[in-house]
Amino acid sequence: MMTSMEEKRMDAREAGLILGGLPPGPLNGITDVKGVRVGHATLSRGDVQTGVTVVLPHEADAERALWFYGCHIFDGHGEATGIQVLEDFGMMSAPVFLTNVMAVGRVYNGGITFGYGRDKGLPTDGGWPPIVMSIDDRYLNNLRARAVKEQHALEAVKKATSGVVDSGSVGAGTGAVAFGFKGGIGTSSRRVDWDASTTHVGVMTLANHGSREELVIDGVPVGKKWKDAASADHAYHGVVGVVATDVPMSPRQLNHLAQRAVAGWQRIGGLLDSITTAMVVAFSTGIRLESVKETREHRLEFVPESRISSFYRAAAEAAEESVINALFRATTVKGRDGRVAQAVPVDTLMKMIKTHKR
Amino acid sequence: MTQENKYPKAGPFSRFLLGISRRRFLRLSTGSMAGGFVGCLLNREEWAAGSDGTSPWGENRTRLRELGIEIGRYPPGPYNAITDVRGVRVGHCTKISGSGKLRVGVGPVRTGVTVIMPHKGNVFEEKLAVGHFVLNGNGEMTGFVRDREAGTLETPIFLTGTANIGIVYDAALTYLMEQNPDIGISENVPVPVVAECWDAMGDTEGRHITEQDVLNAIKAASGGPVAEGAVGGGTGMRSYGFKAGIGSSSRVLPDERGGYTVGVLVNANHGSRHLLRIDGVPVGEELLDYPEKKESGKSKSIIMVAATDAPMLPVQLQRLCKRLALGLARTGSVSTHGSGDIFIAFSTGNRITKNSKEFLCVDDSMVSRLWEAAVEAAEEAVLNALTSAPTMDGKDDRVCEGIPLDRLVSLMQKYNRLRR
């Protein structure tokens, strides 16, 4: 077994794997969408392998403003708080937290503290209700230790930055296992030129799903062919994602965007178990609704339906690539009861793909 | 105990309170809160209403029926509460302390938690069919996504203030983990159902609920009469410009209609004064002159929980949930933009385990009467929250009046809607 220091980690593109036809944004990450920030709090010691990741959709000074949100619950066996406002209103200003399924209450409470910091009348704005989505990372993490505290949600918020997103075995992805390998946080983006402006669709995925034999990369059933590595297969599958775009989109279009992210995941596989979590929250920074008393009407501009397909394609491509990036970036982690989830050996895998394609 | 002993700062409204506290109403008796009042009394500043229905503010409060006002045509169960559904238990933990100016982290504290235990067994092991309806989504009910996906309820249902959601959620997990040592090891982690309303009468930001408070509410859960009004999760709630909070009611169908019971429990924190209607009477309009102090924080909500022993599919329970909205509408609500009007209904008619292969459900020819019962119980539960809740002061000495019961009775008489 290699140690994490010796493992060479890289994005899919660096390894020579080009998925889809649209070009990525400059960072090839969700932060290519202007204003979006990502932060992690990582807990990695012994049998505690877990954490919190937050996606902040907009700058912190944005008080009394709302953005459009959408979601797609492919399988809801897990938690997504804030879902009533999201589904019924389609506009909010909520941060999106990811964590383990045992930590939802504490992270939510951190979201409340964060909200009060923005607005003393919490439910009038303040980013309430916080969205908290969860995965079950018990393969590596001692869930019952309940190591995540409120402060870790606040730490993730504090550390949130634009620019390159830390990925792999970090934040909520610290203990994640996908396709029998070490999973975790992965991100990718696509650039779409629209009406003389450059826009982006960015996806961040927390990959904790799939059995080894289900793994398909670029159409190659590598999981079935894999013979020589120990598999960390487990039954606690869950994958959650966040899609961001600076394209002005309606809540309905954002629901569709979230659906397409799941379609992108599906190209890799691992979504077919009976009790699994697979859900996506999408938001657009392209329309900012100033919610002030004097406002009587909003004049909104959306992408017309005739032009929307390329954005949906972008979401699927970026979602697919974000899962591969999670695998390629994640480092080997040893967790509870001596269990190990091995990092994907990228070179071996790429050789398999090239051989198959030839 | 005198009012002064119980409550250190009665304020300028005491004259008014004392004025009505001496009044007797039709059959107003000790029965209004016969269930007693389960509080977590942590220090001398925290107290609770006595089981004789006397509030610490010196008012006698009672239930709608005790005033001679009866809603609908079906009879209520023996307790006229959600606990008439066999096995359902309710527990409250009430946190009240301090008064005067808001000091974050100190008080005044006007909050609490109410728990509904769906059956006497282990609900994580033996789940119940569940349905939901979101009338207006400006609220939070955790566990919604999981329960909607699975069609089952696997935890007790908790009602609390908006800011307490995370704490109550986490405490619920503590309870469930103690009860089920395999959770997180060989068993999946449950997603507790915690629903909120904005209890802006007190220091919300201070989040005065602790894990122990939640566990105390669970421990206090019992069948029988349900304490209503400013108790548990309803402590800091207002509705239609009056003090409100927890209310409950039930209906029993005749044997030829299946003999089923439908029980409803609400946490009422919604609506403006002018909207209030009781049994069709425009009570709100008639009471517009009654003092109403404007409170800050416009977001108001109502959470409605229905239970029935009629065996029902999740889709049928979803349909039942929509009828709760009709009962709510009869009390005048228009479900305003800021309102989180979220409803959940469960049936005790099936216990569902991982290997369940059989399911009992009522024929759809039976459901219309169940809907009628649900509408009646929902309406009466909201009104019980109003008539049971006493006048209470909140942060910055803002007073929220209880609905004046003497005027309510004369109004109903005027409109010829008094049953006895």
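Start in chain B of this predicted model and select helix H4, residues 165-179, together with helix H5, residues 211-220. The two pack with their axes 9 Å apart, at an angle of about 60°. That angle falls under the 65 to 115 range for roughly perpendicular and is not under 35 degrees, so H4(B) and H5(B) count as oblique to each other. Look at the handedness too: the crossing is right-handed.

Now show side chains at the crossing. From H4(B), pick B:Ile167, B:Val168, B:Asp170, B:Ala171, B:Ala172, B:Thr174 and B:Tyr175; from H5(B), pick B:Glu211, B:Val214, B:Leu215 and B:Ile218. Colour them by class and you get eight nonpolar, one polar and two charged residues.

Next, bring chain A into view. Where do the two chains meet, and how many residues does each give? The contact takes 35 residues from chain B and 35 from chain A. On the chain B side, select strand S3 (127-137), helix H3 (144-150), H4 and strand S12 (340-352), each of which supplies at least two residues. H4(B), where the tour began, gives the largest share of that side, with seven residues. By class, the chain B side has 16 nonpolar, 13 polar and six charged residues.

Last stop: helix H3 of chain A, residues 150-159. Is this helix mostly covered or mostly open? Mostly covered, with seven of its ten residues buried. Select A:Glu150, A:His152, A:Ala153, A:Leu154, A:Glu155, A:Ala156 and A:Val157 to see the buried ones. To see what they pack against, add strands S1 (37-45), S2 (48-56) and S5 (96-100) and helix H2 (104-118), again in chain A.

Note on methods
Residues are numbered from 1 along each chain as its sequence is written. Chains are lettered from A and ligands numbered from 1 in the order in which they are written. This is a predicted model: local features need pLDDT of at least 70, side-chain atom pairs count only at pLDDT 80 or more; totals for chains, interfaces and linings use all residues. Axes are lines fitted to C-alpha atoms, for helices over the stretch in contact, and angles run from 0 to 180 degrees between N-to-C directions. Helices (H or I, at least four residues) and strands (E, at least two) are DSSP runs, numbered from the N terminus. Angles under 35 degrees count as roughly parallel, over 145 as roughly antiparallel, 65 to 115 as roughly perpendicular and the rest as oblique. A crossing is left-handed if the near helix is turned anticlockwise from the far one by less than a right angle, and right-handed if clockwise. Two residues are in contact if their C-beta atoms, placed from the backbone, lie within 7 Å. Ala, Val, Leu, Ile, Met, Phe, Trp, Tyr, Cys and Pro count as nonpolar, Asp, Glu, Lys and Arg as charged, and the others, Gly among them, as polar. A residue is buried if 20 or more other C-beta atoms lie within 10 Å of its own, exposed if 12 or fewer, and partly exposed in between; C-beta atoms are placed from the backbone.
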